[in-house]
Amino acid sequence: MQHHILNTKFTEKYNSTAPPAFYSEITAFWQAFKNKANRSNYLANLVRKELRQRYSKLFDYYDEGHARLYFLTNHKRNDTQIQAIKNYDVEVFHLEDVLQFMADYVENAMPLTPPLLLTGISNILSADQSETEVPTSIVFARLTDFVAYMKDDQYDLLFNRNVRLWLGNTQVNEAIAETFQKHPKEFAYSNNGITILCEKHVSHQGKHEIVITNPRVVNGSQTLHSVRDAANPAASKSARVMVRIIEIPPLGSNNLPQQVKRRKEIIRQIALRSNSQNNIKKWDLVSNDDFQLELSRHFRTKKLFYERRRREWTERRTALKSVKISRGPELKRLTQLIAAYYWDNKTLGPVAAKNPALLFEGGRYDEITRTSPETAYQLFILDGVLGRQVNQLSKEKQYIRISAKQMKYTLFALIVRSLEAANAEWGSDTLTKLLEKELDEQSPKWRAFVKQIIDYVRDAFAIEDKLYRKRQGTPLTLVNYFKSQGYVGRLFPNSMPQKLRSAAKTVL
């Protein structure tokens, strides 16, 4: 077991430079653990009597190599004083570090990653600082350095800011692996390269090395995962890849909201503008925005994993299941459900939900992001309830089995509309408990409710089909019916039929 020993200094006046006395205390703190001869004096003069026995035990842990020392303060770094303690075995966190940790946590980019060492770097191309908003360098790095790093990165923290994880053995990824294995010297000019964000990068020219602090790959996941999983990657030591290293400046304490907003915008633009060899979907590009991260955190409180990035559950399910986290919704599907939920919105609704690419554009996506996390959770549960009831009804009625796939978002929206007509309150604890209970029980009342909605749609389709046959001489297909706003819109009158409202009330 590892013990973390914290010495903290929090004062009412927090946004100022740490005074020299703080660093003197750090010195005394460190020496108490490092110098056994000083411990008695330290305990007698600086530690309260009731804590001395506890401190003695901490000394034992430190001597055994099972304890680490930390100093934490809400004051800003004193660059002069910090030099005097830089070689101490104490990790010091100032206000700037705390703010950075908070921002990274909100952006789902915690914990920090270990430093990445790139070796054999002979040349570095850096942009003139007067002509770029953030420090940027380009190098040609050994791919084997990344492979070695990824072996120890069991949770893929290196890719936490990437909009996608590995897509598997696509045709493009197989070609990347083949080049790495069979033509390593061609890799540098055959690949689009990798983009890394970091807190800082330091070049040691004499050693031909670069150390990258808290690295995060925002473009290049497909490249790195393809070479990592290639057979015998060590055989391709000559393979180089272009790496663009971008420093995101640490947050200061002044005007923090504006700094956070600008920092997020820089990271978002880098992710959007980076090139990609594999086709990227529009929903991939929002996977790290504030709304998606908020949903992710909310579903985690329900012991569910929200799959923001494609294949993420596949990559992480063993570890997640080990801590009792079950699979939740994936980003595209949940967004479609949310779109259907807004049945009365002119740009959303069940017809728009059938075309997910449109949902991530401008005003439509802005509307979707106004949905509360609890409502999104309720829609996910409702989808599960509806799916089970439709599956059961499909076994009993052929017409339901035939039409279920095409009508799913219209059916979902009509369930929402009917529940609203029966005064269901979205986002409320009462509705959450009701839906969760139904997901477990699958009651006959809900089955009857769902069947009434399906029959309502079936009757409306039959009328439209009859009219269409008269006009066109051919039958109206289910595909054309459910993708037509004109047809589907007529299923949502200002006042829902009484029988549907009554059926909704029975399940509430």
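In this predicted model, the loop between strand E8 (200-204) and strand E9 (209-213) contains His208, a residue that is not a glycine and that nevertheless has a positive phi of about 60°. Such a value deserves notice, because most residues other than glycine have a negative phi. His208 counts as partly exposed, because its relative accessibility is 39% and the class of partly exposed residues lies between the buried limit of under 20% and the exposed limit of over 50%. A second case is provided by Arg311, which is likewise a residue other than glycine with a positive phi, here near 70°. Arg311 is placed in the loop between strand E12 (304-307) and helix H12 (312-322), and with a relative accessible area of 30% it is partly exposed.

These two loops belong to a chain in which 22 helices and 13 strands are found. Of the 508 residues in the chain, 48% are buried. Among the contacts in the chain with a separation of 6 or more, 72% are accounted for by residues 24 or more positions apart.

One group of strands forms an open sheet, in which 3 strands follow the order E1-E2-E3 and the pairing is parallel. Strand E1 (3-9) and strand E3 (91-93) are the edge strands of this sheet, each of them pairing on one side only. On average, and with direction ignored, neighbouring strands of the sheet are turned by 20° against each other. Between strand E2 (residues 67-73) and E3, the parallel pairing extends over 3 bridges, and within this pair Tyr70 stands opposite Glu91 in E3. Helix H1 (residues 20-34) packs on the sheet and touches E1, E2 and E3, while the direction of the helix makes about 170° with that of E2.

Further pairing is centred here on strand E11 (residues 240-247), which is joined to strand E6 (residues 136-142) by 7 bridges, the two strands running antiparallel. In this pairing, Ser137 stands opposite Ile245 in E11. Strand E7 (residues 194-198) also pairs with E11, but in the parallel sense and over 5 bridges, and the bridge partner of Cys198 in E11 is Glu247. E11 therefore takes part in an antiparallel pairing with E6 and in a parallel pairing with E7, and it may be kept in mind that in a regular strand the side chains alternate between the two faces of the sheet.

The packing of one helix against another is illustrated by helix H16 (residues 373-396) and helix H17 (residues 398-421), whose axes are 10 Å apart and which pack at an angle of about 155°. H16 is therefore roughly antiparallel to H17, since angles over 145 degrees are counted in that class. The crossing of these two helices, H16 and H17, is right-handed. On the side of H16, the contact is made by Leu379, Leu382, Asp383, Leu386, Val390, Leu393, Ser394 and Glu396, and on the side of H17 by Gln398, Ile400, Arg401, Ala404, Leu411, Phe412, Ile415 and Val416. When the residues of this contact between H16 and H17 are divided by character, 11 are nonpolar, 2 are polar and 3 are charged.

Note on methods. Residues numbered from 1 in each chain as written. Predicted model: local features only at pLDDT ≥ 70, side-chain atom pairs only at ≥ 80, totals over all residues. Heavy atoms only, no water. Axes fitted to C-alpha atoms, helices over the stretch in contact; angles between N-to-C directions. Helix = DSSP H or I, 4+ residues; strand = E, 2+ residues; numbered from the N terminus. Parallel < 35°, antiparallel > 145°, perpendicular 65-115°, else oblique. Left-handed = near helix turned anticlockwise from the far one by under 90°. Contact = heavy atoms within 4.5 Å. Nonpolar A, V, L, I, M, F, W, Y, C, P; charged D, E, K, R; others polar. Pairing = 2+ DSSP bridges. Buried < 20%, exposed > 50% of the residue type's maximum accessible area, 1.4 Å probe, protein only.
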